[in-house]
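Please examine the sequence and the three-dimensional structure shown below. The briefing after it is written for a first-year student.

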Amino acid sequence: RDGKNKNKPIHLFQQHIQEAMTRQLTLEKDLQNVSIGDEFSIVFQPQVKVSTNEIIGFESLARWRHPLFGPISPVEFIALAEEKLIIYQLTERTIDYVFKILETRKREYSFTGIVSINISSLLLEHVVFIEFVRSRLSYFDINPKQIEFEITESVQLFSSETVLSHLQLLRKMGIRISIDDFGTGYAALSYLSHFPVDKVKIDKHFIDQIDTDRKGEAILKSIISLIKNMELYMIAEGVETADQIRFLKERGCDHIQGYYVSKPLTEEKSDMVVKNGCYIK
Ligand code: C2E
Ligand code: MG
Ligand code: MG
Ligand code: MG
């Protein structure tokens with residue numbers, strides 16, 4: 001073997017690493033500067049009360065179509081934003097954007113439903129974030145009861161006294177707190193009894209087990225009765241079939257979100273839904 005061939009695999013590997021690093025750096029820089037509206041947007045997925053077909057609210061979800069790399073999954077860019085601490089400004093922009101939309105929908109269409117926003121637990125460590133929310137609540141003409149913050153359960157989240165007191169402050173302002181991806185992050189259920197929370201979002205993982213996994217179904221049934229007994233609100237995430245809806249309804253989980261009802265809608269489409277009265281056909 002001559003030196004040239006020996007170096008080739010290493011060269012390709014280096015090239016691959018270099019490209020990945022360039023992409024990462026470009027994404028990081030661009031994410032820092034995005035403003036919401038065009039390539040970066042917010043979509044709204046309806047949350048429905050099955051028994052009445054009424055839309056009780058929308059979850060706001062971020063979308064990013066990068067001019068060079070195309071659509072980037074929120075799983076990727078939210079993780080990047082958290083790692084590079086861009087998440088603070090990104091969430092503040094999102095809150096401003098969503099509160100403004102809520103204000104308009106309330107004024108123009110008398111919308112009384114809920115809008116939920118995903119909040120990274122990093123933000124809950126900082127009192128400046130809590131004060132930011134307070135100032136935006138007073139700036140916009142909105143009812144705090146219409147706002148829900150979704151927080152993904154994690155061990156760090158439930159073991160921090162600071163986070164706990166900040167969540168209490170948010171609830172005093174009138175904001176509702178829901179636990180996202182419930183059942184996937186933190187096994188001990190005992191936290192529910194002393195944690196300031198209004199609502200639980202049952203993760204898609206459990207919904208997928210309806211009709212496919214007996215033991216998984218048993219766990220889902222106990223989760224539903226646990227939430228009911230604790231007198232918390234609940235919603236099932238990622239519902240994709242009529243059979244799943246039937247199962248959930250029969251056991252007392254009447255609120256659902258998922259592709260079966262609707263995929264996340266663009267701002268314009270969700271505006272139309274609100275304008276036309278918030279019912280699904
Ligand atoms: P999440 O908050 O648990 O949101 C639910 C995810 O499930 C969304 O994915 C939604 O599009 C998807 N989904 C809803 N119904 C169905 C269904 O029936 N089937 C399937 N297969 N999927 C369904 P998405 O939009 O890709 O978001 C992924 C995650 O990224 C979110 O999970 C959330 O944790 C995070 N995320 C999205 N936007 C934001 C944001 O603005 N801020 C923060 N901090 N996180 C965000
Ligand atoms: Mg969520
Ligand atoms: Mg989540
Ligand atoms: Mg979730």
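The following briefing describes the overall fold, the metal sites and several individual residues.

This is a predicted model, in which local features need pLDDT of at least 70, side-chain atom pairs count only at pLDDT 80 or more, and totals for chains, interfaces and linings use all residues. Residues are numbered from 1 along each chain as its sequence is written, chains are lettered from A and ligands numbered from 1 in the order in which they are written, and side-chain values use heavy atoms, with hydrogens and water left out.

**Overall architecture**

- The protein chain contains 10 helices and nine strands; helices (H or I, at least four residues) and strands (E, at least two) are DSSP runs, numbered from the N terminus.
- The C-alpha trace spans about 75 × 50 × 45 Å along its principal axes.
- Of the 281 residues in the protein chain, 46% are buried. Buried means under 20% relative accessible area, exposed means over 50%, and partly exposed lies in between (1.4 Å probe, protein chains only).
- Among contacts in the protein chain with a separation of 6 or more, 68% are between residues 24 or more positions apart; a contact means heavy atoms within 4.5 Å.
- The accessible surface of the protein chain is about 14900 Å², and 52% of that surface belongs to carbon and sulfur atoms. Accessible areas come from the Shrake-Rupley method with a 1.4 Å probe, and for residues only the protein chains shown count as cover.

**The magnesium ion (ligand 4)**

- Its protein donors are Asp180 (OD), Asp181 (OD), Glu237 (OE) and Glu237 (OE), at 2.0 to 2.5 Å from the ion. Donors are N, O and S atoms within 2.8 Å of the metal (3.2 Å for Na, K and Ca); water is not among the atoms, so sites may look incomplete.
- Along the chain, the donors of the magnesium ion (ligand 4) follow the spacing D-D-x55-E.
- Asp181 belongs to strand β6 (residues 176-182) and Glu237 to strand β8 (residues 233-237), so this pair ties together parts that are 56 residues apart in sequence.
- Asp181 is partly exposed because its relative accessibility is 22%, whereas Glu237 is buried at a relative accessible area of 13%.

**The magnesium ion (ligand 2) and its neighbours**

- Which residues supply the protein donors of the magnesium ion (ligand 2)? They are Glu59 (OE), Asn118 (OD1), Glu150 (OE) and Asp180 (OD), lying 2.0 to 2.3 Å from the ion.
- The spacing of these donors along the chain is E-x58-N-x31-E-x29-D.
- Glu59 in strand β2 (residues 54-66) and Glu150 in strand β5 (residues 147-152) are 91 residues apart, and the pair links distant parts of the chain. Both Glu59 and Glu150 are buried.
- Asp180 bridges the magnesium ion (ligand 4) and the magnesium ion (ligand 2), which lie 4.2 Å apart.
- The magnesium ion (ligand 2) is separated from the magnesium ion (ligand 3) by 4.3 Å.

**Ser178 in strand β6**

- Ser178 lies in strand β6 and is buried, with a relative accessible area of 0%.
- Its side chain makes a polar contact with the side chain of Glu148 at 3.4 Å. A polar contact is a pair of N or O atoms within 3.5 Å; within protein, one must be able to donate a hydrogen and the other to accept it, and residues adjacent in sequence count only if both atoms are side-chain atoms.
- Leaving aside residues up to four places away in sequence, Ser178 touches Glu148, Phe149, Glu150, Ile151, Val197, Lys199 and Lys201.

**Loops and backbone angles**

- Most residues other than glycine have a negative phi.
- Asn53, which is not a glycine, has a positive phi near 65°. Asn53 is found in the loop between β1 (40-49) and β2, and is partly exposed at 29% relative accessibility.
- Leu85 is likewise not a glycine and has a positive phi of about 60°. Leu85 is placed in the loop between α2 (74-83) and α3 (87-109), and counts as exposed at 51% relative accessibility.

**The segment after α10**

- Asn276 lies in the segment after α10 (267-275) and is exposed, with a relative accessible area of 61%.
- Asn276 and Lys199 are 77 residues apart in sequence and 27 Å apart in space, C-alpha to C-alpha.
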